[in-house]
Amino acid sequence: MFIGFYHVPFNKRISMTNIENQIFSSYQRNPDLFDEIYDKNGKIKEVYQKLFNLYGEHSINDYVSLNNKAKSSFFNQGITFQVYGENNVQEKIFPFDLFPRIIDQEEWDIIERGSIQRSKALNLFLWDIYHDKKILKDKVVPIDLITSSANYLDQMNGVNPPGGIYNHISGTDVIKHKDGKYYVLEDNIRCPSGVSYVICNRTALKKALFGVFNHYQTHTVTNYAENLLELLESVKPKGVDVPTVVVITPGMYNSAFYEHSYLAKTMGVELVEGRDLFVENDFVYMKTIKGPEKVDVIYRRVDDQFIDPLEFNPDSVLGVPGLFAAYKKGNVTLANAPGTGVADDKAVYTYMPQIIKYYLNEEPILNNVHTYHCGRPDELKYVLEHIHELVIKPVDEAGGYGISIGNILTKAEIEKVKAEIKESPRKYVAQPIMSLSVHPTYIDDTESFEQRHVDLRTFTVLGKDKEFVLKGGLTRVALKRGNLIVNSSQGGGSKDTWVLKK
Amino acid sequence: MKTMPRDFEVTYKAENIYDDWVHDAHWQFLIIPFENESQHEVQIEFSNSLYANTEFSINGFGFKTLRVHPKKKFKQISFEAKFKFKKEEIDPYDFNINSDLSVEYNELEHFDFKITHERFLKQTIYTKLNSIQDLLYKFDTTVSIFQNLENLNHWIYKFIQFKTGVTKVGTLLKDLLLNKQGVCQDFAHLFCALARTNGIPTRYVSGYLNQNSGYMGDSQMHAWVECYIPGIGWKGFDPTNNILANTNHIKVCHGKDYNDCSPLKGIIHTGGQNKTTHTVMVQSQQ
Amino acid sequence: MLARVANNLFWMGRYIERSEHVARYLNVNYFSSLDAPNLKSQDRQFVLRSMLFMVGDPEEDADKFLKEEDVLYKIGLDPTYGASIINNIKFARENANSARDLISTELYEAINKFYHFVINYNKDVFVKNGLHDFTTHVAEMTDILRGKIRGTLLHDATYAVISMGINIERATQITRMINAKFNDALLSQGEENDRFSKSFEWTTLLKCAESYDMMRRYYKKTPTSISTLEFLILNPNCPRSVMNSLNQVNQHVRMLNPEKRYNKDSTAFLIGRVRSEYEFKYIEEIDKDIKSFIENILKSLVDISDKVDEEFFNY
């Protein structure tokens with residue numbers, strides 16, 4: 001039985017040197033990697049000490065049984081994604097393990113301030129490039145970042161979104177390099193997803209191992225929905241008293257549908273599809289059992305190109321004809337605003353230090369990874385010559401698609417990547433291969449804990465007079481040994497992430 | 001002395017016939033004459049055979065649209081729009097060119113100028129040329145920008161033969177350049193492409209052409225271009241007719257290319273085939 | 001509530017209810033036939049035909065030999081057959097998925113478990129010796145679902161819409177069973193001691209509707225055609241009767257549209273009309289022409305469902 005685990009009072013502390021820590025007895029630590037729980041001398045870091053002891057008192061079998069229970073609870077709740085095989089569709093849960101990641105207050109403070117700083121700077125950047133374009137005129141950012149970006153919407157020129165906010169919701173992907181410093185890998189400001197998993201992971205861990213929470217003062221993650229709703233209500237159109245907020249989803253076959261339904265449910269608002277809405281005289285209504293009801297704020301999880309077939313992609317069946325005209329007229333708010341995708345571009349990312357400095361006159365709190373633009377001849381040359389030590393990323397893809405990591409490519413693959421880059425250099429950027437920190441992660445196949453690379457996606461909510469970063473975030477784990485790509489679409493798992501109060 | 005404005009009347013008709021019932025349809029018309037200094041007092045009459053409600057709106061680029069969304073199913077629908085307005089007589093040559101040509105050419109190179117006019121300097125899918133085709137028409141900087149554009153207008157008029165049925169909406173320049181035959185959209189797209197590669201902000205214009213004037217065009221919407229010349233402003237060129245845009249050119253809207261100006265957009269959910277016909281009639285009185 | 005989502009919830013209720021009735025019909029007919037008092041009712045071919053008749057897919061060829069495994073598979077687990085139990089449950093879950101933000105986590109989880117149970121049920125086991133286990137499980141799980149619907153949802157519009165679906169479907173399925181058993185009773189009559197009115201099929205029918213015990217308690221006699229039909233159609237206190245279902249639907253419609261104003265285009269009006277038609281009916285009137293009566297009632301139920309659709313889902 002595992003009952004004891006729940007009730008072991010922590011004052012019954014057992015000296016580390018005396019116990020055989022079963023769970024970690026076979027943990028192999030590669031000293032070249034930055035391990036989140038061990039320092040470089042192989043000693044457990046202080047914040048992890050209690051957790052290490054608590055978990056360590058129990059056998060791997062206990063742990064496996066709890067982990068399986070947590071997984072089946074995910075499965076039964078339908079927190080799954082679909083894998084399309086040749087003959088059938090399989091449902092799978094996102095891999096998860098019960099050993100949490102801990103971030104102490106001091107480190108978190110940097111991440112939080114850094115995330116807010118970036119969100120604010122990006123918002124000012126978006127306002128500028130859709131209005132006076134000062135940053136271009138001052139030659140801080142090259143004009144072709146905008147002219148050749150498919151995500152720059154001419155229709156947004158001169159539009160003032162309510163409250164001046166474009167990127168209401170941002171997801172910032174940060175990693176810790178082997179120098180122990182945090183670096184930002186990407187800013188996601190189109191429709192960043194994953195926040196529902198943060199909350200599900202926490203719920204699962206609380207159910208399985210509630211005892212461990214007695215020993216740590218951990219910030220809650222369940223306040224995301226209320227903060228999001230408060231923000232959405234605050235950017236209501238002019239003249240609306242109590243706004244009706246909805247979440248729009250591409251539908252139940254979308255891979256993030258669970259998250260869309262989760263957010264609608266926890267905010268207590270309707271989850272709509274394009275076909276549930278219509279526009280009349282530039283106002284938006286939803287079709288309810290009691291007839292039409294006006295909609296004021298739309299948290300949209302549908303990409304720009306699909307929101308209005310009359311204005312953008314005419315083949316879209318996900319959108320609402322006339323929605324953009326209603327938006328432009330100021331009768332409905334869209335969050336995030338249309339056209340934010342241009343700043344999501346990985347080529348814009350490379351200018352983030354300059355962008356932050358330009359608008360906020362501050363030094364970046366979080367580091368950027370040095371990036372080479374294949375669109376610049378001299379940098380292209382460097383990239384082509386050093387592919388084996390670089391990560392090549394397409395500028396406008398999300399979800400880890402199209403990424404090539406130089407040191408694991410075969411000769412033939414390198415040639416193929418080179419050819420692709422030469423074909424359209426503007427489409428690619430390259431970065432040095434960052435060594436993401438590793439964290440002990442339970443691996444099903446070997447039934448033991450092993451080092452795996454992790455990153456962290458933070459969720460920032462930005463309003464006119466408000467900013468909120470969810471104190472937790474999604475720690476994503478690259479489950480394949482040695483793999484650096486953590487995206488769930490590429491076989492990544494996740495962990496509960498604890499931010500400590502002190 | 002200022003002449004009296006002319007009264008114009010444009011009648012636009014469209015008819016759509018479907019094999020199967022249509023249960024859900026949205027149309028958006030971008031056909032209302034644009035109000036500016038030379039076109040004003042626009043009056044609009046618009047009706048459809050289903051008596052469905054007409055909504056007035058403004059599209060993403062700020063032009064007025066008409067929208068129709070019938071509430072019952074149908075197999076056939078026709079639309080009729082009548083626009084009455086006044087139009088000033090235009091002398092397209094009424095402007096002065098700075099005698100120091102370097103002033104206007106220097107302005108083109110100015111960074112702020114490029115940023116301000118970024119939208120009408122970039123390539124789009126319909127105005128895309130490859131690096132060799134870019135050289136098809138090079139400006140002669142010893143003459144004025146206006147003169148170059150007029151020459152380009154003439155060059156395209158000679159280079160492309162007006163012929164319907166060869167190209168269609170969505171034909172790319174690379175295909176046009178193979179056949180060298182096309183209609184007003186193709187002339188306008190080629191003009192946009194070559195003027196932009198020479199650094200001139202150029203916009204595609206959609207509108208009506210007074211057919212009684214004897215110009216080329218068909219009984220549908222016409223297309224021409226407007227170029228921004230430093231010191232002068234936007235000037236209209238109609239390469240299909242080798243003329244400058246004048247009183248007979250009734251502007252509806254402008255954009256980067258046809259995509260921004262499509263006169264009729266329909267979101268229709270139906271199976272089977274459909275047939276669409278449009279006619280435009282322009283009448284004017286002195 | 002969104003009209004589309006309401007429609008999905010309505011059908012979720014219908015599919016949940018439908019899967020239960022089909023499952024129980026298979027179970028009761030199969031197992032009662034094993035020791036039925038007459039040869040006809042014992043005949044496996046007769047039973048299999050009755051099952052196909054009930055799901056609306058009667059075998060027209062009187063001479064065709066039906067393979068038991070084929071029929072059971074088709075109605076139970078065949079993913080290519082639209083009316084199979086597996087598809088009913090798939091559809092129920094699909095409908096629940098799209099309304100996930102409105103229903104409770106507990107209800108969704110129960111539907112999801114139900115789905116995984118059915119999807120993963122071994123087909124060979126089912127057709128050889130799993131019929132009892134499978135169908136009882138399905139029936140029990142639908143009970144759990146109804147419990148979750150009643151106990152974990154706020155009794156507001158969401159609840160009313162689901163309950164409406166459940167009750168319209170219950171009335172429909174009970175009528176379909178009556179129809180199938182009426183047909184069986186006609187076919188099996190003529191053998192010794194087995195006149196139509198005293199057919200063994202009426203007992204089977206009551207068991208299919210889980211109403212045998214209630215009925216015995218109420219009439220204290222062996223069921224006959226008249227007493228069975230009276231009980232299953234007209235008795236408002238029998239929770240499975242058509243009358244009771246209509247009363248429930250009436251209640252739920254009024255939750256959605258509390259308007260009392262006279263409106264002969266409303267669902268409430270139509271239900272009231274149908275209810276009053278049966279409320280003051282003598283069973284003897286029905287007994288004269290059971291066939292037309294069954295057809296009539298099925299038509300009324302379709303009309304009500306269409307009316308609900310028109311009034312609430314098709315704004």
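This report looks at how chain B touches chain A, and at how the two domains of chain B meet.

The model is predicted, so to speak from the start: local features need pLDDT of at least 70, side-chain atom pairs count only at pLDDT 80 or more, and totals for chains, interfaces and linings use all residues. Residues are numbered from 1 along each chain as its sequence is written, with chains lettered from A and ligands numbered from 1 in the order in which they are written.

Let's take the chain contact to begin with. Chain B brings 18 residues to it and chain A brings 20 residues; two residues are in contact if their C-beta atoms, placed from the backbone, lie within 7 Å. On the chain B side, at least two residues each come from strand E2 (24-29), strand E4 (54-58), helix H2 (111-116) and strand E14 (264-269). H2(B) has the largest share there, with 4 residues. Helices (H or I, at least four residues) and strands (E, at least two) are DSSP runs, numbered from the N terminus.

Now for the inside of chain B. It splits into domain 1 (6-87 + 262-285) and domain 2 (101-261), with bounds from an automatic or database domain assignment. Their C-alpha centres are 26 Å apart. Domain 1 of chain B puts 19 residues into the contact and domain 2 of chain B puts in 18 residues. On the domain 1 side, strand E1 (6-22) and strand E15 (274-285) of chain B give two or more residues, and E15(B) has the largest share, 5 residues.

Here are the residue classes; Ala, Val, Leu, Ile, Met, Phe, Trp, Tyr, Cys and Pro count as nonpolar, Asp, Glu, Lys and Arg as charged, and the others, Gly among them, as polar.

| Side | Nonpolar | Polar | Charged |
|---|---|---|---|
| Chain B, touching chain A | 5 residues | 5 residues | 8 residues |
| Domain 1 of chain B, touching domain 2 of chain B | 12 residues | 5 residues | 2 residues |
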